[in-house]
Amino acid sequence: MDPLGATISGLLDGYSSGSFSSEEAVRGFVDRVVAYNARLNALLDFDPEPALEQARAIDARRRSGEPLGPLAGVPIAIKDNICRRGEPTTCCSRMLSNYRPPFDAAVIGKLREADAILLGRLNMDEFAMGSSNETSAYGPARNPWDTDRSPGGSSGGAASAVAASLAPTALGSDTGGSIRQPAALTGTVGLKPTYGRVSRYGLVAFASSLDQIGPFGREVADVARVLSVIAGQDPRDATSVDLPVPDYLTAIESKGERPLRVGIAREFFGEGLDPEIESAVREASRIFESEGATVSKISLPNTTQAIPAYYIVAPAEASSNLARYDGTIFGHRAEDFGPKSEVEKDLPALIRMMMASRAEGFGPEVTRRIMLGTFVLSAGYADQYYVRALKVRRLIRDDYDRAFRDVDVILGPTSPVPAFKVGEKISDPLAMYLLDVYTGPANLAGIPGISLPGGLTKSGLPIGIQLQAPAFAEETLLRAARTFERATDWNTKRPTLD
Ligand code: GLN
């Protein structure tokens, strides 16, 4: 039996045909975690026993002929910012090192109901701020294609784990690209659903108007299956939308009503785009044409302003969301908060405690975001920064609305560069921010996006191509993604770790 190369469909087929049990499959993944995780640092404090126990229980239920959920026996690893009852959920921050939520996130509840097996928590950038997984308090996750390189971020652990077959699938979160960019850098499939498609209840908030939870997998069917389980309206997240949840798996294999219309935005071929990635996207457009799609040039003029707008809106919301971590009710509390300067002597002890707790609890990137966010919201500056950024955001959304009158999906690169070395960009925040150039616009517009394996560079690193679709058009998005996948074999390429 070989559950390891398997996709979710492969696992489910293996279970139902009796080729292998859930316990055997989980053991296979556990063996790989034991063998490779020390090098990859993808999963944190891994305990295989609960997963094996759950697998045995599912095997027993299967033998007794009990009906099982749609992800029965499928192991799934979870980013460390999605709450699981009683389990550490730290956002890879010292600030939350002792946090064990007393509740499950909505998506975790749905995964449990679907009989999925929760495989452990995944490394990430601190509070999901970053594009390389290097801001994690647990150290960087590594890219299985070259362990000197970053798997991207912030869902770096998720991408690394799925690419290295430590888990067949994983949940990440995407605020400005944190599912799609790491998927691109690791040759996996990563889906950011429409804002409002999946409940954010129990996702530790970074930028609430941008955050979405979404799946990683090895093929389009994987993310379609997981999306069908986690999507849907939830009264605990007022921004989740009350629309029926289609069966995405059936949707991807169905024929569209008319030939697919693919748009290529000229703004998605900007300065700094790696030429090998550019040619992979051009090749992808030829593949779409040969599959019967029409490809046309479009323009999204305001998306060139997405980075400045994003790096105002996201830090603004973050500074507000993270204000609660001050050591009183939430977050790490400093033990020593005696005055450290003349000025501090005059401050009340409570204020000194908050200051010391925040200084100790947050790493440098999170601190930078809080300062940026507080500044752009401050009296006298908010109009120049925050309010203007909201206007740009609106223009970007309008660009997409206009474009989607003529095309069904927009094709482009996911990341401007393939996987870069750990340490290469971490001391240059601006260089790191620029990595979001092709992913941030979808978050600002609230639309769904997917990254797919679309090639390998000459030096053997994965290239990701991105598709975007109108809000709540995940069926179209996934169908288009599947059209590309069917015509290529990039998703079958695997890194060699031995
Ligand atoms: N790289 C972006 C940032 O640092 C996006 C992160 C994310 O999507 N969580 O904010």
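**View 1. Asn491 and its surroundings in the predicted model.** Asn491 has a relative accessible area of 11%; because this value is under 20%, the residue is classed as buried. Asn491 belongs to the segment that follows helix H17, residues 474-486. When its neighbours within four places in sequence are set aside, the residues in contact with Asn491 are Arg218, Glu219, Pro453 and Glu485.

**View 2. The open, mixed sheet.** The sheet is built from 11 strands, arranged in the order S1-S3-S2-S4-S6-S5-S10-S11-S9-S7-S8. Its edges are formed by strand S1 (43-44) and strand S8 (294-298), each of which pairs on one side only.

**View 3. Pairing at the S1 edge of the sheet.** Strand S1 and strand S3, the latter spanning residues 117-122, run antiparallel and are joined by 2 bridges. Leu43 has Leu122 of S3 as its bridge partner.

**View 4. The ligand and the residues around it.** The ligand is surrounded by 15 residues, of which Thr175, Gly176, Ser178, Tyr310 and Arg369 are the closest.

**View 5. Backbone polar atoms beside ligand oxygen atoms, with Thr175 among the residues involved.** A polar backbone atom of Thr175 is 2.7 Å from an oxygen atom of the ligand. For Gly130, a backbone N or O atom lies 2.8 Å from a ligand oxygen atom, and for Gly177 the corresponding separation between a backbone N or O atom and an oxygen atom of the ligand is 3.3 Å. On its own the ligand has 300 Å² of accessible area, 99% of which is covered by the protein.

Notes: Residues numbered from 1 in each chain as written. Predicted model: local features only at pLDDT ≥ 70, side-chain atom pairs only at ≥ 80, totals over all residues. Heavy atoms only, no water. Helix = DSSP H or I, 4+ residues; strand = E, 2+ residues; numbered from the N terminus. Buried < 20%, exposed > 50% of the residue type's maximum accessible area, 1.4 Å probe, protein only. Contact = heavy atoms within 4.5 Å. Pairing = 2+ DSSP bridges. Near = heavy atom within 4 Å. Polar contact = N/O pair within 3.5 Å; in protein donor to acceptor, adjacent residues only side chain to side chain. Areas by Shrake-Rupley, 256 points an atom, 1.4 Å probe, with all protein chains shown as cover.
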